[in-house]
Amino acid sequence: MKIIIAGAGEVGFHLAKLLSFESQNITLIDTNREALAHADAHLDIRVVRGDSTSIAVLKDSQVSETDLVIAVTSSETTNITVCVLAKQLGAKRTIARISNTEFIDRKDEVGFAKFGIDELISPESLASNEIELLLSQSAFNENYEFENGALSMIGLNLSRTSAFVGKSVKEMAKVYPELHFVPIALQRFGTQYTIIPRGDTQFKEGDQVYFTTVGKGDDQIFRLSGKSKQEIKNVMILGGSKIGYKTAKDLCKTGFNVKLIESSKDKAFEIADDIPSCLVINGDGRNVDLLSEESIEDMDAFISVTGNSETNIMSCLVAKSKGVKKAIALVENMDYFQLSHSIGIDTLINKKLLAANNIFRYVRRGEVVAMTKLNNMNAELLEFMVSSHSKVCNKKIKDLDFPVSAIIGGVIRNGEGIIALGDFEIKNGDRVVVCCLPQSIGKVEKLFI
């Protein structure tokens, strides 16, 4: 697959890195000499220095033979222009990164496909959606929904009191035969290795475990994991950025009590006018006295989304020390991701990583309808659509030549989620959710082509 990426910033570099692992034919365009030199030294890709809105540069990058053009520069206008030009010059598919969420809300009304833009991706919108999902499942530190919740992926840390600890997957299945969930990946405390659980895999204290669940599965995991379901009603948001603003607006609409702290006086007044039901405070959120004055200890959740990663991490640690149940920090530096479980913050989110993962599913072979990468782990969760000519069609799961480093997490049939075991037969039209490590992705994709 030939892919052109315009923009060698963090999103562009991360995408190029993910794609180069798969031996895709990638060209990265940017005007920044240093960013290109870094990409050239670390990745097996072609780099082109120049303005991505230049027709000559696009032609030099062989845009007419390109399957996918991804415009992820920091400028929304540049991204839209690149996609329009690329489509006119013969590119098959285009994706533009935007920051104005209004474009996504009114996508159908405007009809961006007519201009030559097939998909719009807003990192800010993805980040605020992720925050809202995490608040709705407060005991979990990661969450992803397939088909509007027919099947869910949840991630959590196993505490000492968890019923899972000390038992193997097989033992758990025997003790609790009526389970509505299946473990799909785990990472031992203090390690960077991702394990795809098998029957004899044993759960240990401190494990970060990911499950796919249907229906009552969430409640069962709550009980068995030793965690209690906490209702979240009072939320404090630090930072009136685009993410902070959108999150506050959406949470107020769904009945949360929201306090937002913003250091810029003008911006604070602007947000207060736009969201009357949100209490906006003009002040410095790094000031612990201010947080105490605003009753941080009475908050159920604290979300820090300022432009500074260190401020976000430190203020979340302050919130946790004051007894706040859930703390979520926005971080720009991808290296900080490794820290989230060890420093005591519930969840770190990175809008660029969310955007890259969202774009990544368009590159997958087979009918991939949804995709997410598991935070901090080198595993992917893919949702495949089964067609009549797929190799898995009309076969039982136990009869499939399925890689050891991959597992079927569940199947969605006619809008209903099913935890599918060995005797389950996959049919045409099913949506199959698979968790796999990078080395097995190619083999898994071939089964669904």
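# How do you know? Reading a predicted model

User: Why does lysine 92 count as exposed?

Analyst: This is a predicted model, and in it lysine 92 has a relative accessibility of 56%. The label "exposed" needs a value over 50%, so at 56% lysine 92 counts as exposed.

User: And aspartate 67, what makes it partly exposed?

Analyst: Aspartate 67 comes out at 22% relative accessibility. Buried would need a value under 20%, and exposed one over 50%. The 22% of aspartate 67 falls in between, so "partly exposed" is the label.

User: How do you know that lysine 92 forms a salt bridge with aspartate 67?

Analyst: Look at their closest N and O atoms, which are 3.1 Å apart. The rule asks for a Lys or Arg side-chain nitrogen within 4 Å of an Asp or Glu carboxyl oxygen, so the pair of lysine 92 and aspartate 67 passes. The two sit in distant parts of the chain, 25 residues apart: lysine 92 in the loop between α4 and β5, aspartate 67 in the loop between α3 and β4. As background, side chains of opposite charge can pair when their charged atoms come close.

User: How many salt bridges does this rule give?

Analyst: The count comes to 19.

User: What makes glutamate 10 and lysine 352 a salt bridge?

Analyst: Their closest N and O atoms are 3.8 Å apart, and the cut-off is within 4 Å, so the pair counts. Glutamate 10 belongs to helix α1 and lysine 352 to helix α16, so this salt bridge ties together parts that are 342 residues apart in sequence.

User: Are these two partners buried or exposed, or something in between?

Analyst: Lysine 352 has a relative accessible area of 17%, and buried means under 20%, so lysine 352 is buried. Glutamate 10, at 33%, is partly exposed.

User: Why is lysine 398 said to form a salt bridge with aspartate 423?

Analyst: Same check: their closest N and O atoms are 2.6 Å apart, and the limit is 4 Å, so the pair qualifies. Lysine 398 lies in the loop between β20 and β21, and aspartate 423 in the loop between β22 and β23, so parts 25 residues apart in sequence are tied together. Lysine 398 has 54% relative accessibility and aspartate 423 has 52%; with the line drawn at over 50%, lysine 398 and aspartate 423 therefore both count as exposed.

User: Which residues are joined into one network?

Analyst: Glu10, Glu332 and Lys352 are, through salt bridges that share partners.

User: Why is α8 called roughly perpendicular to α16?

Analyst: Helices α8 and α16 pack at an angle of about 100°, with their axes 8 Å apart. Anything from 65 to 115 degrees counts as roughly perpendicular, so that is the label for α8 and α16. Pro123, Glu124, Leu126, Ala127 and Glu130 make the contact from the α8 side, and Lys351, Leu354, Ala355 and Asn358 from the α16 side.

User: What makes α1 mostly covered?

Analyst: Nine of its 11 residues are buried, among them Phe13, His14 and Leu15. β5 is mostly covered too, with four of its five residues buried.

User: Which residues touch the most other members of the largest nonpolar core?

Analyst: Ile5 and Ile70 do, in a core of 27 residues. Elements that give two or more residues include β1, α1 and β4, and α1 gives the most, with six. Leaving aside residues up to four places away in sequence, the residues that isoleucine 70 touches include Ile3, Leu15, Ile95 and Ile359. Another core, of 26 residues, lies apart from this one, and Ile237 and Leu354 are among its members.

User: How do you know that β4 and β5 pair?

Analyst: Pairing takes at least two bridges between the strands, and β4 and β5 have four, in the parallel sense, so they pair. One of the partnerships is alanine 71 with alanine 96 of β5.

User: What makes β14 and β17 edge strands?

Analyst: They belong to an open sheet of six strands with parallel pairing, in the order β14-β13-β12-β15-β16-β17. Each of the two, β14 and β17, pairs on one side only. On average, neighbouring strands in this sheet are turned by 15° against each other, direction ignored. As for β17, it pairs with β16 over three bridges, and its threonine 347 is the bridge partner of isoleucine 328.

How values were computed:
Residues are numbered from 1 along each chain as its sequence is written. This is a predicted model: local features need pLDDT of at least 70, side-chain atom pairs count only at pLDDT 80 or more; totals for chains, interfaces and linings use all residues. Side-chain values use heavy atoms; hydrogens and water are left out. Buried means under 20% relative accessible area, exposed over 50%, partly exposed in between (1.4 Å probe, protein chains only). Axes are lines fitted to C-alpha atoms, for helices over the stretch in contact, and angles run from 0 to 180 degrees between N-to-C directions. A nonpolar core is a set of buried Ala, Val, Leu, Ile, Met, Phe, Trp, Tyr and Cys residues joined through side-chain atoms within 4.5 Å. Contact means heavy atoms within 4.5 Å. Angles under 35 degrees count as roughly parallel, over 145 as roughly antiparallel, 65 to 115 as roughly perpendicular and the rest as oblique.
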